[in-house]
Amino acid sequence: MNHDYFKHIFLYIIPLWIILISGCKNIGEKEIVIISTNDIHGRIEHFPKLATFVERIKTKHPNVILVDAGDRFTGNPYVDHAQEKGLPIISLMNDLGYEIGTLGNHEFDFGQKILRARINNASFPIVCANINSSRSELDSIPPYHVIEKDGINLGFIGLVQTGVDQIPSTNPEHLKNLTFDDYLDKVKDYRSLKQQCDVLIGLTHLGIEADSILATQMPELDIIIGGHSHTLLETPKEINNVMIGQTGLKLQYAGLTILKFKKGKLTERSYQSCLIDTITQVDPYIARKVNSFMEQPEFKEVIGATSLPFKSQESIGNIVTDAMRCSAASDLAFYNQGGIRLSELPLGDITLETILSIEPFGNHIVIHELSLADIKALILNHFNQGDHMIDLYVSPGNYTIIQDQQGKGINVIFKDHHGRPLAEKNTYKVALNNYVSIEYDFPDKGKGLHTDISVVNAMVDFIRTNSPLAPTDKRTYLSSVK
């Protein structure tokens, strides 16, 4: 027998056996990476950077899923006032390969017909469990979707925010024949989905506080990928063994969730928000496509100019209310703070693009006949329901909310543009935007006369007539009982 021969075979087999044994340790080990966005608000100019980020992750990880947690629309004129509203961002998301999204409250801002068209345009499903839409123009929305990736099943349950009136924060006129369930009540219907999936994920547009409550009530969830509160979680929040992530707003960050599985069981998970705003080498195809959306000549039309810079949101809100009052020939005009989406105007030209950025919602003017007591109720009811912050900008004159020692608003003192107290008279003709008219609590709520005057067109006419514009004095104040 040739001992040298067997020795040679033995020395060959042993290393091979060691390699095979060590390789067996990785059998059944898999990794899934989720890239997430939320509250993009139309910021298509950041998509070339996002595309570069996605490609960089894909070069390191073979199994990548791209998801969005809502509010893709509202905040950018190139998206909100495109020939087909909202389509630019959906087209870009298709190009990047998104695989799932949920509804945010601002998805309803263009109305149900346009939302349904954009959902149909999307190459990825939109899910939401707490909407009842089968009898509406929107038609049915699936509550969840399961994505299979490398043999791993990932279940995504969609949930959208609702307020005290049990509807999302949008124009109620856009919600005809839609109803919404409380997210905590509805999500419990999907506990059994955990048995069908290797990992269960809440894809939510609820806000960080509601996500935290959801985690305590739904331990079946492994992960919550959230939105709505614009919270930047650079590292995850963990509650009740549920990992929560959110990336702020306007696509400055993208979420990166890494899931590791062994024999189909989730063994490791991690999350971080990754800054993409500083990426310099961008995807050239996506950059060209974004530019094509942004270079439409109608957006560049100069409407007027400023003679001094506007340095506060209230000073811009004064333009809006002045424009509404002039267009409607009303005694007073009010516009809510949340509807003003710019906080500064530089010295120089005001373009249509700028005006559309100030008021991207397409609101129109509604006329109400209100007594002074009714107007005070309009202001105080909302002030006391919220966090005691002034919410309504006014034209003309100014007003002061008087607070008691606990901070509750107890009276409103009005002065006209000459500094004189507003007179007690039977009624005032008051111009409101349609959101305030329907959503705010006051005696004539929802009963005003709807005009065909859009707030944007009112602003265009006002700026053309009064250009150049300078900032006006502060018009809203708080005072405490002494």
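These legends accompany several close-up views of the structure above.

The model is predicted, so local features need pLDDT of at least 70 and side-chain atom pairs count only at pLDDT 80 or more, while totals for chains, interfaces and linings use all residues. Residues are numbered from 1 along each chain as its sequence is written, and side-chain values use heavy atoms, with hydrogens and water left out.

**View 1. Helix H2 lies across strands E1, E2, E13 and E14.** Helices (H or I, at least four residues) and strands (E, at least two) are DSSP runs, numbered from the N terminus. H2 covers residues 47–60, and runs at about 175° to E1 (axes are lines fitted to C-alpha atoms, for helices over the stretch in contact, and angles run from 0 to 180 degrees between N-to-C directions). Among its buried residues (under 20% relative accessible area, with a 1.4 Å probe and protein chains only) are Phe-47, Leu-50, Phe-53 and Ile-57. Their cover includes helix H4 (87–96) and helix H8 (284–294), contact meaning heavy atoms within 4.5 Å.

**View 2. Here is the open sheet of 6 strands, in the order E4-E3-E2-E1-E13-E14.** Its pairing is mixed, and two strands pair if DSSP finds at least two bridges between them. At the edges sit strand E4 (126–127) and E14, each pairing on one side only. E2 and strand E3 (residues 100–102) run parallel, joined by 2 bridges; Val-67 has Ile-100 as its bridge partner in E3.

**View 3. Helix H9 packs against helix H13.** The axes of H9 (residues 313–328) and H13 (residues 455–466) are 8 Å apart, at an angle of about 90°. That makes the two helices roughly perpendicular (65 to 115 degrees). The contact brings residues of H9, including Ile-319, Val-320 and Met-324, to residues of H13 that include Met-459 and Phe-462. Its residues divide into 10 nonpolar, 1 polar and 1 charged, where Ala, Val, Leu, Ile, Met, Phe, Trp, Tyr, Cys and Pro count as nonpolar, Asp, Glu, Lys and Arg as charged, and the others, Gly among them, as polar.

**View 4. Two prolines follow cis peptide bonds.** From Ser-395 to Pro-396, omega is near -5°, and Pro-396 is found in the loop between strand E19 (392–395) and strand E20 (398–403). From Ser-467 to Pro-468, omega is near 0°; the loop holding Pro-468 lies between H13 and strand E24 (476–480).

**View 5. Asp-150 has a positive phi, near 55°.** This residue other than glycine lies in the loop between strand E6 (144–149) and strand E7 (152–160). With a relative accessible area of 38%, Asp-150 is partly exposed (from 20% to 50%).

Terms used
The expected span of a helix is 1.5 Å times one less than its number of residues. Angles under 35 degrees count as roughly parallel, over 145 as roughly antiparallel, 65 to 115 as roughly perpendicular and the rest as oblique.
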